[in-house]
Amino acid sequence: MGQAMSEKETLRCVYDLTLDELTALLVSWGEPAYRARQVWEWLYRHYATDFMQMTNLPKALRHRLAEAFSLEPLRPVTEIVSQNRWTRKCLFALPDGETVETVLMLYEKRRTLCISSQVGCGMACPFCATGLSGFTRNLHTGEIVAQVIHYARWLADPHAGGADAAPISRPTRVTNVVFMGMGEPMANYDRVWRAIRILVDKRGFNLGARHITVSTVGIVPGIRRMAEEGLQVRLAVSLHAADDALRDELVPINRTYPLRVLMDAVRYYIRKTGRRVTFEYALMRDVNDRPEHARALAQLLRGVLAHVNLIPMNPVEGSPYQPSTRQATATFARILEDAGLPVTVRLRRGIDINAGCGQLRRHILQVDGRQVMPLPVVSS
Ligand code: SF4
């Protein structure tokens with residue numbers, strides 16, 4: 001059984017393919033082109049877990065697909081659920097034994113998935129659990145898409161979650177995807193965009209492009225490239241500081257792309273797309289949360305089509321960076337609002353489940369070196 005599993009895991013992942021590539025492949029196998037469309041619908045509308053479920057395909061084709069492709073590139077190692085059951089976080093093992101995290105956040109009307117684009121991250125932001133773990137590798141397109149399909153299946157299943165299911169109406173689907181999990185998506189640009197094009201394909205998963213957000217710490221060539229993609233995908237920039245000296249410390253990539261260069265790219269993106277850019281700002285006590293920091297931020301964003309998202313950061317074990325107080329957060333927000341900037345303070349979701357990026361993985365890896373240890377599900 002274990003051996004069969006590892007053989008399966010070395011197969012090519014079917015979610016790596018675009019519909020055009022799948023069509024070309026099936027035609028090369030002597031199948032009519034419409035078979036690819038049928039497979040595509042099984043993958044992205046019915047979330048098939050086994051090629052044998054694709055009952056409108058000839059049996060021989062189902063077997064051939066099963067011999068060529070894996071449908072399960074991710075193996076859930078553990079999933080933990082917040083006390084209020086509105087946030088779930090899954091740690092997945094990849095075929096090579098590496099691990100990534102995905103977080104599902106349920107709101108009244110939205111089901112938002114925060115997905116990973118890399119194993120670890122090379123950006124080395126000192127306040128971030130993922131940054132502290134270092135970079136291992138880029139995810140493949142199929143490993144990115146499969147995170148979404150995993151929770152799409154869960155959401156579509158009226159019995160999923162059992163006692164842990166949140167009190168939401170069902171059936172339901174993933175409504176929003178944000179690339180804010182582990183990794184810097186612009187550092188894995190081609191595979192991230194391939195995944196986006198698969199997810200927005202109207203013949204399959206059909207997620208609206210404007211419901212996808214790519215969040216970057218400021219990889220300028222990526223921002224400029226994204227401006228040319230011709231899709232309504234949203235851009236978020238993790239700023240965290242509005243002066244170069246502090247940002248050099250908090251976001252080391254700032255030494256390569258300082259604020260002037262970054263803001264030039266953001267303005268270019270806005271000119272090309274007409275879209276508002278979200279600026280993420282994680283508030284850290286006595287580091288970047290004082291009134292003078294807020295005023296510097298307001299000055300930096302003057303005249304920019306911007307929205308500011310203030311994030312009360314999740315505390316990271318062993319980190320000197322601590323969350324701001326409520327009072328400091330409220331004062332910071334008011335200064336920005338008085339300067340005419342739209343501001344939201346992001347709800348802190350799932351603090352009891354280590355929902356900050358990289359925190360579950362870091363916690364588990366620390367428990368047992370590189371060995372992944374399943375955690376029990378937290379239930380209320
Ligand atoms: S904050 Fe984002 S970019 Fe910085 S180290 Fe963490 S995952 Fe990477």
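Select strand β5 (residues 99-106) together with strand β6 (residues 111-114): the two pair in the antiparallel sense over 4 bridges. This is a predicted model. β5 and β6 form a hairpin, and 4 residues lie between the two strands. To see how they line up, show L104, which stands opposite L113 in β6.

Keep β6 selected and add strand β9 (residues 176-179). β6 and β9 pair in the parallel sense, over 3 bridges. Here T112 is the residue to label, with N176 as its bridge partner in β9. β6 therefore has an antiparallel pairing with β5 and a parallel one with β9, in keeping with the mixed pairing of the sheet as a whole.

**The whole sheet**

Now widen the selection to the sheet. It is an open sheet of 10 strands, in the order β3-β4-β5-β6-β9-β10-β11-β12-β13-β14, and its pairing is mixed. Which strands stand at the edges? They are β3 (75-81) and β14 (343-345); each has a single partner strand, so one side of each is left without a neighbour in the sheet. Direction ignored, neighbouring strands of this sheet are turned by 20° against each other on average. In a regular strand the side chains alternate between the two faces of the sheet.

Go to the β3 edge. β3 pairs with strand β4 (residues 87-93) in the antiparallel sense, and 6 bridges join the two. Label R75 and A93: R75 stands opposite A93 in β4.

Then move along the strand order to strand β11 (residues 234-238) and strand β12 (residues 277-283). These two pair in the parallel sense over 3 bridges. A236 has T278 as its bridge partner in β12. Continue from β12 to strand β13 (residues 306-312), which runs parallel to β12 and is joined to it by 7 bridges. On this side of β12, show F279, whose bridge partner in β13 is V308.

**Three helix pairs**

Hide the strands and select helix α2 (residues 19-28) with helix α3 (residues 34-44). Their axes come within 8 Å and cross at roughly 130°. α2 and α3 are therefore oblique to each other. The crossing in which α2 passes α3 is right-handed. Show side chains for L19, L22, T23 and L26 of α2 and for R35, A36, V39 and W40 of α3, which make the contact. By class, the residues of this contact of α2 with α3 divide into 6 nonpolar, 1 polar and 1 charged.

Next select helix α6 (residues 141-156) and helix α7 (residues 189-200). At what angle do their axes cross? The crossing is at roughly 45°, and the axes come within 8 Å. α6 and α7 are therefore oblique to each other. α6 passes α7 in a right-handed crossing. The contact is made on the α6 side by T141, I144, V145 and V148, and on the α7 side by R191, V192, R194, A195, I198 and L199. The residues of the contact of α6 with α7 divide into 7 nonpolar, 1 polar and 2 charged.

The third pair is helix α11 (residues 291-300) with helix α12 (residues 326-338). The axes of α11 and α12 come within 9 Å and cross at roughly 30°. That angle makes α11 roughly parallel to α12. The crossing of α11 and α12 is right-handed. To view the contact, show P291, A294, R295, L297 and A298 in α11, which meet T331, F332, I335 and L336 in α12. By class, the contact of α11 with α12 has 7 nonpolar, 1 polar and 1 charged residues.

**The ligand**

Finish by selecting the ligand and the residues around it. Which residues come nearest? Of the 12 residues around the ligand, the nearest are C121, M123, C125, C128 and G131. Colour the shell by class: around the ligand there are 8 nonpolar, 3 polar and 1 charged residues.

Key:
Residues numbered from 1 in each chain as written. Predicted model: local features only at pLDDT ≥ 70, side-chain atom pairs only at ≥ 80, totals over all residues. Near = placed C-beta within 6 Å. Nonpolar A, V, L, I, M, F, W, Y, C, P; charged D, E, K, R; others polar. Pairing = 2+ DSSP bridges. Axes fitted to C-alpha atoms, helices over the stretch in contact; angles between N-to-C directions. Parallel < 35°, antiparallel > 145°, perpendicular 65-115°, else oblique. Left-handed = near helix turned anticlockwise from the far one by under 90°. Contact = placed C-beta atoms within 7 Å.
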